[in-house]
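I opened my notebook beside the viewer today and wrote down what I looked up, in the order I got to it. Feel free to follow along.

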Amino acid sequence: MNIEAQIFHYRLDKDGFKVLVFDLDQTSTLMHSGGALLGSKIVEYCEKAVPDFIIAATQWVRSGNKFAIASFTDTLAAERSTTYHREPHYGGKNLIKRFVDQVLPTDVASKVYMVGYFPIMHDNHPQEFDKRSKNYHMDMISKYFEIPLNRCVLFDDSMSNVENAKGYKAYIVDSTKGFQFSDYRP
Ligand SMILES: [Mg+2]
């Protein structure tokens, strides 16, 4: 068992976190989908999965904890890109699921809750949630698992998502490296 992963896990537990949440682009994979990814790029996108993300998610889920992905990738972006470029694009849950099913063990992948949603694309985006944050995603995740928001922790390479986090903890990830266990700096 990976010792760094064990320490990471132990510290999250000790600090009372029940739900571990990762951003997708440049956090869980080193590539950026741009909101929707061309079908032919999916293999490369999965090949660039970040090792610490895979280890952290696997260990966390297999210990009976809750895990989610919160991304700005969106099925609406995929529909628009597919129409515009006349080539199939994948976005939102469709992209997250393809990634998760490919890079995580089956028993782990099946337990991942996925929120793919880009607030700016939605005219009916609820006003109470900032559009430059993952606050809407985190609210969905907290409700889905029935665990208070302050027991959820997000890792994300976008500074605005970290700075605008309301009601939960968020930690910055270096976008050139993707998630690393050392990113947890309570
Ligand atoms: Mg990102």
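My entries below go from the sheet to its strands, then to helices and a few single residues.

**Entry 1: what I am looking at**

I remind myself that this is a predicted model.

**Entry 2: the sheet**

I began with the strand order. I find an open sheet of five strands, and reading across I get S5-S3-S1-S6-S7, with parallel pairing. Which strands sit at the edges? I checked, and they are S5 (113-116) and S7 (169-172), each of which pairs on one side only. I also looked up the turn between neighbouring strands of this sheet: it is 20° on average, direction ignored.

**Entry 3: S1 and its two partners**

Next I took S1, residues 19-22, which pairs with S3 in the parallel sense over four bridges. I noted one register point here: Val21 has Ala68 in S3 as its bridge partner. Towards S6, I again find four bridges and a parallel run. For Val19, the bridge partner in S6 is Cys152.

Where do the side chains of S1 point? I see Val19 and Val21 going one way and Leu20 and Phe22 the other way, and all are buried.

**Entry 4: S3, buried or exposed?**

I moved on to S3 and asked how many of its residues are buried. The tally is six of six, so I wrote the strand down as mostly covered. Lys66, Ala68 and Ala70 are buried on one face, and Phe67, Ile69 and Ser71 are buried on the other.

I then followed S3 (residues 66-71) to S5, where four bridges join the two strands in a parallel run. Ile69 stands opposite Met114 in S5.

**Entry 5: a helix on the sheet**

I wanted to know which strands H5 touches. Helix H5 (residues 92-103) packs on the sheet, and I find it touching S3 and S5. Its direction makes about 140° with that of S5.

**Entry 6: H1 against H3**

Here I looked up a helix pair. The axes of H1 (residues 3-14) and H3 (residues 51-62) come within 10 Å, and I read a crossing angle of roughly 55°. Angles from 65 to 115 degrees would count as roughly perpendicular and those under 35 as roughly parallel, so I put H1 and H3 down as oblique to each other. The crossing in which H1 passes H3 is right-handed.

Which residues make the contact? On the H1 side I list Ala5, Phe8 and His9, and on the H3 side Ile55, Ala56, Gln59 and Trp60. Sorted by class, this contact of H1 with H3 has five nonpolar residues, two polar ones and no charged ones.

**Entry 7: Ala78**

I picked Ala78, which lies in helix H4. Why does Ala78 count as buried? I count 24 C-beta neighbours inside 10 Å, and 20 or more is enough for that label.

I also listed what Ala78 touches, leaving out residues up to four places away in sequence: Ala36, His89, Tyr90, Gly91, Gly92 and Asn94. As a distance check, I paired Ala78 with Asp107. They are 29 residues apart in sequence and 28 Å apart in space, C-alpha to C-alpha.

**Entry 8: positive phi values**

Last, I looked at two backbone angles. Arg86 has a phi near 55°, a positive value in a residue other than glycine. I located Arg86 in the loop between helix H4 (75-85) and strand S4 (89-91). Arg86 counts as exposed because it has 7 C-beta neighbours inside 10 Å, and the label applies at 12 or fewer.

For Glu146 I also read a phi near 55°, again positive in a residue other than glycine. Where is Glu146? It lies in the loop between helix H7 (135-145) and strand S6 (152-156). I noted Glu146 as exposed, with 7 other C-beta atoms within 10 Å.

Conventions: Residues numbered from 1 in each chain as written. Predicted model: local features only at pLDDT ≥ 70, side-chain atom pairs only at ≥ 80, totals over all residues. Axes fitted to C-alpha atoms, helices over the stretch in contact; angles between N-to-C directions. Parallel < 35°, antiparallel > 145°, perpendicular 65-115°, else oblique. Left-handed = near helix turned anticlockwise from the far one by under 90°. Contact = placed C-beta atoms within 7 Å. Nonpolar A, V, L, I, M, F, W, Y, C, P; charged D, E, K, R; others polar. Pairing = 2+ DSSP bridges.
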